[in-house]
Amino acid sequence: MQLIKLSAIDSTNDFLKERSKNQVLENFTTVVTETQTKGRGQMGASWVSESGKNLIMSVLVKDVIVNPDVVFQLNVAVALSVIEVLENLQIPNLAIKWPNDILSDEKKVAGILIENRFKSDAKIESVVGIGLNVNQKDFTLLPKASSLSLLMKEEFDIDELLKAVVSRIQQNCELVTAYSGQKLWRRYLDYLFKKDVEMLFEGADKNRFHGTILGVTSEGKLEVMLQDKRIQTFGIKELQMFY
Ligand code: BTN
């Protein structure tokens with residue numbers, strides 16, 4: 001695996017996207033940094049991380065997703081890769097909050113931002129960005145976040161975590177290529193946060209309603225059963241969960 005180590009950068013996702021446009025990079029080329037000055041999260045949010053304390057990385061993934069209809073398979077593979085690494089460390093009560101936030105004891109410990117580029121040769125190139133809270137202890141401004149060190153009362157080696165995560169991503173991408181991700185879907189649903197539990201949601205129209213998460217469609221939409229038993233699917237911008 002080709003590894004680019006930086007001490008500071010605006011965003012590892014932006015750095016890798018730019019590099020891969022300008023030169024041919026090996027599959028699974030990885031960028032890691034200690035500090036991000038413009039870390040980006042889902043839906044235009046920013047990703048803030050204390051310098052040198054956490055894993056901030058992006059991995060280039062090529063030739064895994066071959067069809068735009070199934071890009072969500074990569075989200076599934078990556079979320080499970082992070083889960084598997086954390087399972088090995090015995091991090092408690094792991095869950096995937098749709099689409100791909102990683103929770104432990106209902107607190108967010110990792111976020112994933114996957115950006116896909118549909119190239120003119122019809123190939124799809126993805127930049128998989130992961131922010132994993134490792135040794136940071138202060139989350140005063142983020143009450144729903146935590147870190148491995150807060151959960152386990154010990155310090156973790158960030159380089160070891162990086163290697164483990166990339167290796168799992170490689171293995172799970174092989175499963176996507178070989179079995180269209182079918183094997184991973186079941187496991188993703190096993191970890192899906194609040195599956196089969198009634199909870200409160202807010203739709204894009206700001207109306208609040210109760211519903212029960214049943215699963216996720218192959219396009220990555222959340223499948224929710226409403227109180228009148230109708231089943232409705234929601235895209236990421238169409239729904240907020242209260243928990
Ligand atoms: C989220 O939960 O909103 C996704 C957060 C993704 C953060 C990571 S940190 C490394 C990579 N570079 C970025 O700018 N964002 C991702």
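Here is a friendly conversation about a predicted model, going from its domains to its sheets, turns and helices.

Trainee: Into which domains is the chain divided?

Mentor: Glad you start there, since the rest hangs on these names. The first part, domain 1, covers 3–190. The other part, covering 198–242, is domain 2.

Trainee: How many Å separate the centres of domain 1 and domain 2?

Mentor: Let's take the contact along with the spacing. Domain 1 is divided off as 3–190 and domain 2 as 198–242. Taken over C-alpha atoms, their centres are separated by 25 Å. The contact takes 13 residues from domain 2, and from domain 1 it takes ten residues. So that we finish on your value: the separation of the centres is 25 Å.

Trainee: Which three residues supply 59% of the area that domain 1 buries against domain 2?

Mentor: Start with the total: about 940 Å² is buried between domain 1 and domain 2. Carbon and sulfur atoms give 80% of that area. On the domain 1 side, no other three residues supply more than this trio: Met 43, Trp 98 and Trp 185.

Trainee: What is special about the peptide bond that joins Trp 98 and Pro 99?

Mentor: Good place to look, as Trp 98 is one of the three residues we just named. Pro 99 has its place in the loop between β4 and β5. The omega of the bond between Trp 98 and Pro 99 is about 0 degrees, and the bond is cis.

Trainee: Which strands are the edge strands of the open sheet of seven strands?

Mentor: Follow the order, which reads β1-β2-β3-β7-β6-β5-β4, with mixed pairing. From one strand to the next, the twist averages 20 degrees. An edge strand here pairs on one side only, and that holds for β1 (3–9) and β4 (94–97).

Trainee: In the pairing of β1 with β2, which residue stands opposite Lys 5?

Mentor: β1 and strand β2 (residues 30–36) run parallel and are joined by six bridges. Opposite Lys 5, in β2, stands Val 32.

Trainee: Across which strands does helix α2 lie?

Mentor: Helix α2 spans residues 72–88 and runs at about 150 degrees to β6. The strands it lies across are β3 (55–62), β4, β5 (101–104), β6 (107–118) and β7 (124–132).

Trainee: Which residue in the loop between β5 and β6 has a positive phi although it is not a glycine?

Mentor: The phi in question is about 70 degrees. The residue in that loop between β5 and β6 is Glu 106.

Trainee: Why is one side of β11 and of β12 left without a neighbour in the sheet?

Mentor: Look at the order of this open sheet of five strands, β11-β10-β9-β8-β12, where the pairing is antiparallel. Its neighbouring strands are turned by 50 degrees against each other on average, direction ignored. β11 (231–234) and β12 have an open side because each stands at an edge with a single partner strand.

Trainee: What are the bridge partners of Phe 201 and Gly 203 in β12?

Mentor: Strand β8 and strand β12 (residues 239–242) run antiparallel, joined by four bridges. Phe 201 stands opposite Met 241. For Gly 203, the partner is Leu 239.

Trainee: Which residue in the hairpin of β8 and β9 takes a positive phi?

Mentor: Strand β8 (residues 198–203) pairs with strand β9 (residues 208–216) in the antiparallel sense, over five bridges. Glu 202 stands opposite Arg 208 there. Four residues lie between the strands, and the one with a phi near 75 degrees is Lys 206.

Trainee: And which residue in the turn of β10 and β11 has a positive phi?

Mentor: Strand β10 (residues 222–226) and β11 pair antiparallel over four bridges. Within that pairing, Glu 223 has Thr 233 as its bridge partner. Four residues stand between the two strands of the hairpin, and the one with a positive phi of about 75 degrees is Lys 229.

Trainee: Last one: is α4 parallel or oblique to α5?

Mentor: The axes of helix α4 (residues 158–179) and helix α5 (residues 182–191) come within 7 Å and cross at roughly 125 degrees. From α4 the contact uses Asn 172, Leu 175, Val 176 and Tyr 179, and from α5 Gln 182, Lys 183 and Leu 184. These divide into four nonpolar, two polar and one charged. As for the crossing angle, it makes α4 oblique to α5.

Technical notes. Residues numbered from 1 in each chain as written. Predicted model: local features only at pLDDT ≥ 70, side-chain atom pairs only at ≥ 80, totals over all residues. Heavy atoms only, no water. Axes fitted to C-alpha atoms, helices over the stretch in contact; angles between N-to-C directions. Parallel < 35°, antiparallel > 145°, perpendicular 65-115°, else oblique. Contact = heavy atoms within 4.5 Å. Nonpolar A, V, L, I, M, F, W, Y, C, P; charged D, E, K, R; others polar. Pairing = 2+ DSSP bridges. Domains from an automatic or database assignment. Buried area = accessible area lost by both parts, 1.4 Å probe.
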